[in-house]
Amino acid sequence: MATGQSSHLTHTHIDTGTTTLHVAEQGSGPLVVLLHGFPESWYSWRHQFTALAEAGYRVVAPDQRGYGSSHSPQNIEDYTLPHLVGDLIGLIKALGQQQALVVGHDWGAPVAWAAALMRPDMVRAVAGLSVPPSPPAFMPPPSLTRRLYGEDFYQVRFQEPGVVDAELAADPAATVRRLLVGASGDNPALTQPRPWVVPEGAPVLESMPEPGSLPQWLDNEDIETFAADYAHHGPRAFTGPLNWYRNIERNQHLMSPFAGATIDVPALYMVGDQDMVTALHGVSQLRESLHLIAPKLHAQHTLPGCGHWTQQERPHQVNEALLDFLAHVQD
């Protein structure tokens with residue numbers, strides 16, 4: 001079993017050898033790295049730090065490349081999946097460790113899955129929230145999603161630099177508030193999960209209107225904390241994060257040597273039954289075959305009533321599942 005003592009949350013900047021990342025850290029013991037998604041930051045794991053640290057783990061959550069006060073390169077090509085995996089591997093080494101247990105949510109999940117695929121010597125175990133593993137590149141490219149969902153599928157809309165960047169950066173607090181509530185299980189307008197397709201010709205955020213109230217798991221202080229993280233980059237507040245999407249097609253080519261490979265470390269998958277990801281083409285079939293993609297799959301959990309923001313919407317269930325998984329790995 002893990003050993004160690006909980007401590008207060010600390011913040012620092014770490015040179016990974018590939019970039020400089022802001023990281024939040026708590027606890028001591030075996031290293032657990034938590035990777036956030038879009039439009040989030042290290043703060044999306046606020047409910048996991050103490051639970052994991054008190055169980056005897058050293059918990060580290062970075063602002064990934066382009067987010068918060070971490071380095072945000074100018075070039076789109078600097079946000080490929082190999083770059084992001086390189087940041088994670090460099091972070092583990094910079095923390096003085098040879099291995100880590102890696103947990104990712106949303107975009108953090110493909111980074112975690114890819115790291116386990118590419119560097120199983122350094123990723124001792126992997127957990128993915130929301131996005132299931134689909135090697136080699138872990139996300140379908142725009143050339144496919146365009147055909148499946150049309151030009152107004154959000155990932156297709158994100159491809160063109162400039163317009164969406166400016167729209168999201170105009171009011172970061174409103175952007176975060178609308179996206180977090182809109183894709184949650186608490187959005188009363190969503191009676192069942194569906195792909196995020198923007199109305200033709202409309203601004204992206206029009207499909208995620210201002211909520212009348214905030215759900216129990218999200219308050220104004222949370223929104224302001226996320227917004228402050230994005231404010232570090234001014235008018236480019238969302239450009240770094242959007243550049244992740246602008247490399248999805250490129251990732252198909254860069255990751256092609258891993259076609260047919262499996263994830264051979266212990267694995268865990270969790271998703272809400274109201275998560276829009278569950279409505280994407282092929283995901284239900286993919287989930288049925290997870291034991292083939294990840295032969296050491298410990299479990300997969302479906303959280304009733306939960307939308308896309310797994311660890312924020314259902315922190316207690318997520319913590320319980322993670323602690324069970326980590327203890328299984330440690331035994």
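**Exercise 1. The surroundings of Thr16**

Task: In this predicted model, locate Thr16 and determine which residues Thr16 is in contact with, leaving aside its neighbours within four places in sequence.

Solution. Beyond those neighbours, Thr16 makes contact with Leu21, Asp87, Gly90 and Leu91. Thr16 itself sits in the loop that links β1 (10–15) to β2 (20–26). Its relative accessible area is 9%. Buried means under 20%, so Thr16 is classed as buried.

**Exercise 2. The surroundings of Trp244**

Task: Establish in which helix Trp244 is found, and state which residues Trp244 touches when residues up to four places away in sequence are not counted.

Solution. Trp244 belongs to helix α9, which spans residues 239–245. With 0% relative accessibility, Trp244 is buried. Its contacts outside the excluded stretch are Gln64, Arg65, Tyr67, Tyr79, Leu84, Trp107 and Val111. A separation in sequence may also be set beside one in space: Trp244 and Asp264 are 20 residues apart along the chain, and their C-alpha atoms lie 26 Å apart.

**Exercise 3. The buried side of α4**

Task: Identify which residues of helix α4 (residues 142–149) are buried, and explain why they lie on the same side of α4.

Solution. The buried residues in α4 are Pro142, Thr145 and Tyr149. They span an arc of only 60 degrees around the axis, and therefore lie on the same side of α4. The general principle is that an α-helix has 3.6 residues a turn, so residues three or four places apart point the same way. The packing partners of the buried residues of α4 are α5 (154–157) and α10 (248–254). Just after α4 comes Gly150, with a positive phi of about 95 degrees.

**Exercise 4. The packing of α7 and α8**

Task: Describe how helix α7 (residues 172–182) and helix α8 (residues 220–231) pack, giving the angle and how far apart their axes are.

Solution. Two packed helices are described by the angle between their axes and the distance between the axes. For α7 and α8 the angle is about 125 degrees and the axes are 8 Å apart. Angles of 65 to 115 degrees count as roughly perpendicular and those over 145 as roughly antiparallel; α7 and α8 are therefore oblique to each other. Their crossing is right-handed. On the α7 side, the contact is formed by Pro172, Ala173, Val176, Arg177 and Leu180, and on the α8 side by Ile223, Glu224, Phe226, Ala227 and Tyr230. Sorted by class, this contact comprises 8 nonpolar, no polar and 2 charged residues.

**Exercise 5. Backbone exceptions**

Task: Determine where Asp106 and Ser130 are found, and which residues the cis peptide bond with omega of about 0 degrees and that with omega of about 10 degrees join.

Solution. Most residues other than glycine have a negative phi, and most peptide bonds are trans.

- Positive phi: Asp106, although not a glycine, has a phi of about 55 degrees. Asp106 is in the loop between β5 (100–105) and α3 (108–118), and is buried at a relative accessible area of 7%.
- Positive phi: Ser130, also not a glycine, has a phi of about 80 degrees. Ser130 occupies the loop between β6 and α4 and is buried, with 0% relative accessibility.
- Cis bond, omega about 0 degrees: the residues joined are Phe38 and Pro39. Pro39 lies in the loop between β3 (31–35) and α1 (49–54).
- Cis bond, omega about 10 degrees: the residues joined are Pro135 and Pro136. Pro136 lies in the loop between β6 (123–129) and α4.

How values were computed:
Residues are numbered from 1 along each chain as its sequence is written. This is a predicted model: local features need pLDDT of at least 70, side-chain atom pairs count only at pLDDT 80 or more; totals for chains, interfaces and linings use all residues. Side-chain values use heavy atoms; hydrogens and water are left out. Buried means under 20% relative accessible area, exposed over 50%, partly exposed in between (1.4 Å probe, protein chains only). Helices (H or I, at least four residues) and strands (E, at least two) are DSSP runs, numbered from the N terminus. The arc is that of the directions from the helix axis to the C-beta atoms. Contact means heavy atoms within 4.5 Å. Axes are lines fitted to C-alpha atoms, for helices over the stretch in contact, and angles run from 0 to 180 degrees between N-to-C directions. Angles under 35 degrees count as roughly parallel, over 145 as roughly antiparallel, 65 to 115 as roughly perpendicular and the rest as oblique. A crossing is left-handed if the near helix is turned anticlockwise from the far one by less than a right angle, and right-handed if clockwise. Ala, Val, Leu, Ile, Met, Phe, Trp, Tyr, Cys and Pro count as nonpolar, Asp, Glu, Lys and Arg as charged, and the others, Gly among them, as polar.
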